[in-house]
Amino acid sequence: MTDARQHQGGEGVPHPRGPHDALTDVHGLRVGHAQRTGDGWLTGTTVVLAPEGGVVAAVDVRGGGPGTRETDALDPRNLVQRVEAVVLTGGSAFGLDAASGVAGWLEDRGRGFRVGPDPAQVVPVVPAAALFDLGRGGAWRARPDAALGRAAAEAAARTAPGSPVPQGNTGAGTGAVAGGLKGAVGTASAVLPSGATVAALAAVNAAGSVADPRTGALYGRLYEAPGALPAPDVHAAAQRRLADATAASVARSAGSVRPPLNTTLAVVATDAALTRAQAQKLAGSAHDGLARAIRPVHLLADGDTVFALSTAARPLVPEEGPADPVFGPHLEAMALDGILAAGADVLTRAVVNAVLAADSVDGPGGVFPSYRDLYGT
């Protein structure tokens, strides 16, 4: 008899990581970053490029202040079934202009939703979400535009399938800040017992904290290594340096305290074949991964948004001969549960990897120390 449990993930047991522990371990996906820094700039854009023909996509928005584009097109009830790219960008609502550059790049290659007899007559549907990083480089009007979006798409296209994904102060994470610490881009992946890969990429820019203020431990690490706490003297010194950095940032903004307008953006992907409704469930469940790693999360000052992608390269339930009379009807649901649980897990790790990859920034827009600089590795 087929053991249905093999299709789940073995809840509570860490899965092996993919070759690069990255979103691109889901074969066919490519990631490109583009950013501008210096002379008032501290912002960027990240593009997740699908293989030609697109991917099944869905979204779940839980923050109270989202900045998004084309997310309604991902409703399972609507017409367009696949998308060619997803954009994560800085610049708040202004930065959504970056998606226009990606749409133009796709149109130039005949990629998009066909709307006429000519193969060139396509409309690329490019879902996008923006995080708030305005003024963090010093210039309020320094934000991503269509040219930066096109540059990120070109960067993604230049990479070979399965390439490592740069992490840290790059792309949409360039101007990110998380609870006073420097935020960044991070990624992670897992391979399930079924052979399916589940992976995530996050641009961490949270109003809440990624570290426990009592101990300095990263929330996202506690469920894997509850005893891995910084030494008390290290934590005390780090808290003093963080307070000094906050004071310096206030001084550089003419004594005014800016509201914590933020937003964490993420893409969770799998090579398992999902319907759009199942992908939407994955996007929703993946938010649990954010809740483990950021506290509090989903605030009115956040626009937390998770996209879910399926390349549909492998069946959700592997074909294994005659149907099992007991578990057969439930195999698909159990297999999907394994994907959902792994999606939350890899998103938690992607947040941790982002925080650990971040580099400190000390510029005209503020002082944002990295976790590594405060606590070491």
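**Salt bridges and exposure in a predicted model**

Me: Arg36 forms a salt bridge with Asp145, the closest N and O atoms being 3.4 Å apart. Why is this pair called a salt bridge?

Reply: A salt bridge requires a side-chain nitrogen of Lys or Arg within 4 Å of a carboxyl oxygen of Asp or Glu. The N and O atoms of Arg36 and Asp145 are 3.4 Å apart, so the pair meets this rule. This is a predicted model, in which local features need pLDDT of at least 70 and side-chain atom pairs count only at pLDDT 80 or more, while totals for chains, interfaces and linings use all residues. Residues are numbered from 1 along each chain as its sequence is written, and side-chain values use heavy atoms, with hydrogens and water left out.

Me: Why is Arg36 called partly exposed?

Reply: Buried means under 20% relative accessible area, exposed over 50%, and partly exposed in between (1.4 Å probe, protein chains only). Arg36 has 25% relative accessibility, so the term partly exposed applies.

Me: Is Arg349 buried or exposed, and how do you know?

Reply: Arg349 has a relative accessibility of 9%, so it counts as buried.

Me: What makes Arg349 and Asp21 a salt bridge?

Reply: Their side chains meet at 3.0 Å, N to O, which satisfies the rule. Arg349 lies in helix 6 (residues 331–357) and Asp21 in the segment before strand 1 (30–38), so the pair ties together parts 328 residues apart in sequence. Helices (H or I, at least four residues) and strands (E, at least two) are DSSP runs, numbered from the N terminus.

Me: How do you know that Arg77 is exposed?

Reply: Arg77 has 72% relative accessibility and therefore counts as exposed.
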